[in-house]
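Visitor: Got a minute to walk me through this one? I'd like to go over the strands first and then the charges.

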Amino acid sequence: MRLTRYFLPVLKETPSEAQIVSHRLMLRAGMIKQASAGIYSWLPLGYKVLKRIEQIVHEEQIRAGHIPMLMPTLQSADLWRESGRYDAFGAEMLRITDRHGRDMLYGPTNEELITDIFRSHVGSYKDLPLTLYHIQWKFRDEVRPRFGVMRGREFLMKDGYNFDLTKEDALHAYNRHLVSYLRSYERMGLQAIPMRADSGAMGGDNTHEFLVLAETGESEVFYDSAITDRTFGDRAVDYDSVPECQAVLEEFTSRYARTDETHDESAFHQQVPEERRRVARGIEVGQIFYFGTKYSEAMGATVVTPDGGRVPVHMGSHGIGVSRLLGAIIEASHDDRGIIWPEGVTPFHCGIVNLKQGDAAADAACESLYKALTAKGLEPLYDDRSERAGAKFATMDLIGLPWRMTVGPRGLQKGVVELTSRRTGDSEELTPEAAVDRIAQIYAQI
Ligand code: 5CA
């Protein structure tokens, strides 16, 4: 992409309505525009990051054996009356009446709809286990939408639903989700810690929230600092192996880590030595639930068992806050000049800054870098505006591409361009070919 042909409406002024850094930076970098309270348009740069996050979520869910599909945003109220949640969900649910007077709603989550699909098509234990998921917009009429995409009213969620014959099988599905979530967040450059939480409107008492530690987080959290040493890394886990997935759950949840809803001061003191006790704030980027037969019993989602009986299936649901993740990543990775995207989610892989637009050698070198990067399957963003170097650097720093190639007549006389890391600020002079190879190598490892 060439910047002169792109739509990147960066703001010069810091928007006064934004209280936290991620919201400010998303507005300033031209990623989102508020359409109404808690509802945003995703401008091209923001949309690109959203798609990268979705892609990671898809890849990791499919790796775990879960099946993608798509359910609508608008749902019939009748299904929610069957489960009893039409009234229970309260004012957070946006209720709509269609022209025939039928009660509809904009889905805040999909347990009912997926259970209806399941009961219509599955009737035997032989079709289990089954986990279906989708990535779809949700609506919750939050009392106080705030912090931009962090607490929106319309937001993008990945929600997955497992159907199993027994509680043991459903707990294995729970563990698979935990493993796949650890992998997903790490690919996005985040450490998200599973913490014991409250199940709220979903039901059940087996649930973990995934928290990214950040001062601006809305949840208060209590944990053993030893938990932050754990990383998942590039382990190969066999998702079909019950003991392997169980071992990961134990490894990542054995130390004390709870949100304020389930925090127990005396257990905290008993289990954690004083010097490792931490009270902090976190952003909830996902939650997994096992709730047994709550929906399957209410809605008649049963299967025939091997001995010919009929039982309601054991279920759980598992969510990732896809749009919220943009805010969480920026909270975790920025400096006073702007965003610093982790390589896994960056909107463009590399920026190209032409220090002297209109100089024949500089223009030609930038064009050839652009072509070479593109030929390697990478997406560069070429700042081909006739702007001062300082303005170009400021834009690149604000939008946070992890790598920048700077091309100018002086360097080209020596046969080099400059490759700069956004994170460390370190620069290196390399031949254009070596710079392209370096970038390709970096992304080959992501
Ligand atoms: N049905 C279950 C799991 S699929 C469910 O709805 N879980 S949830 O309520 O915990 O939501 C899943 C994730 O969506 C949360 O962890 C959070 O990251 C994100 N989320 C929830 N509410 C909002 C909101 N108002 N704005 C942005 N993201 C949100």
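Guide: Sure. One term before we start: two strands pair if DSSP finds at least two bridges between them. Strand β3 (residues 67-68) and β7 pair in the parallel sense over two bridges, so that pairing meets the cut-off of at least two. Keep in mind that this is a predicted model.

Visitor: Okay. Which residue in β7 is the bridge partner of I67?

Guide: That's L132.

Visitor: And what about β7 itself, is it mostly covered or open?

Guide: Mostly covered. Strand β7 spans residues 130-139, and nine of its 10 residues are buried.

Visitor: How many bridges join β7 to β8?

Guide: 10 bridges, with the two strands running antiparallel. Strand β8 covers residues 154-164. As an example, K138 stands opposite F155 in β8.

Visitor: Let's move to β13. Which strands does it pair with?

Guide: Among its partners are β10, β11 and β16. Strand β10 (residues 206-213) pairs with β13 (residues 277-292) in the antiparallel sense over eight bridges. In the pairing of β11 with β13, also antiparallel, there are six bridges. Strand β16 (residues 314-321) is antiparallel to β13 too, again over six bridges.

Visitor: Can you give me some residues to click on? What is the bridge partner of E209 in β13, for a start?

Guide: E209 has Q287 as its bridge partner in β13. For β11, try F222, whose partner in β13 is V279. For β16, look at G286, which is partnered by I320.

Visitor: Now the hairpin near the start. How many residues sit between β1 and β2?

Guide: Two residues, and the two strands form a hairpin around them. G38 is in the turn and has a positive phi of about 70 degrees. Strand β1 (residues 32-36) and strand β2 (residues 39-42) run antiparallel and are joined by four bridges. One pair to look at is Q34 with its bridge partner Y40 in β2.

Visitor: Switching to charges. How many salt bridges turn up in the whole structure?

Guide: A search finds 31. One of them joins the side chains of E367 and R2, at 2.5 Å from N to O.

Visitor: Why bring up that one? What does the pair tie together?

Guide: E367 lies in helix α11 (residues 360-375) and R2 in the segment before α1 (21-28), so the pair ties together parts that are 365 residues apart in sequence.

Visitor: Are those two buried or exposed?

Guide: E367 is partly exposed, at 26% relative accessible area. R2 has 17% relative accessibility, and it counts as buried because the cut-off is under 20%.

Visitor: What about R85, what does its side chain meet?

Guide: E111, in a salt bridge of 2.8 Å, N to O. This pair links distant parts of the chain, with R85 in helix α4 (residues 85-88) and E111 in helix α5 (residues 111-121), 26 residues apart. R85 is buried, with a relative accessible area of 3%. E111 counts as buried as well, at 0% relative accessibility.

Visitor: Which residue does R151 form a salt bridge with?

Guide: E142, with the closest N and O atoms 3.0 Å apart. R151 is partly exposed at 23% relative accessible area, whereas E142 counts as buried at 13%.

Visitor: Which residues are joined into one network by salt bridges that share partners?

Guide: E59, E60, R63, R183 and R187.

Visitor: And on the surface, where do negative charges gather?

Guide: There's a patch made up of D198, E220, D260 and E261. E220 sits in strand β11 (residues 219-224), and that residue is partly exposed, with a relative accessible area of 30%.

Visitor: Last one, A298. What is its place?

Guide: Helix α9, which runs over residues 294-299. A298 is partly exposed, with a relative accessible area of 38%.

Visitor: How many Å separate its C-alpha atom from that of R81?

Guide: 9.9 Å, although A298 and R81 are 217 residues apart along the chain.

Notes. Residues numbered from 1 in each chain as written. Predicted model: local features only at pLDDT ≥ 70, side-chain atom pairs only at ≥ 80, totals over all residues. Heavy atoms only, no water. Patch = residues over 30% accessible without salt bridge, like charges linked within 9 Å, V, L, I, M, F, W, Y side chains within 5 Å. Areas by Shrake-Rupley, 256 points an atom, 1.4 Å probe, with all protein chains shown as cover. Salt bridge = Lys/Arg side-chain N within 4 Å of Asp/Glu carboxyl O. Lys, Arg positive; Asp, Glu negative; His and termini not counted. Charge placed at Lys NZ, Arg CZ, Asp CG, Glu CD. Buried < 20%, exposed > 50% of the residue type's maximum accessible area, 1.4 Å probe, protein only.
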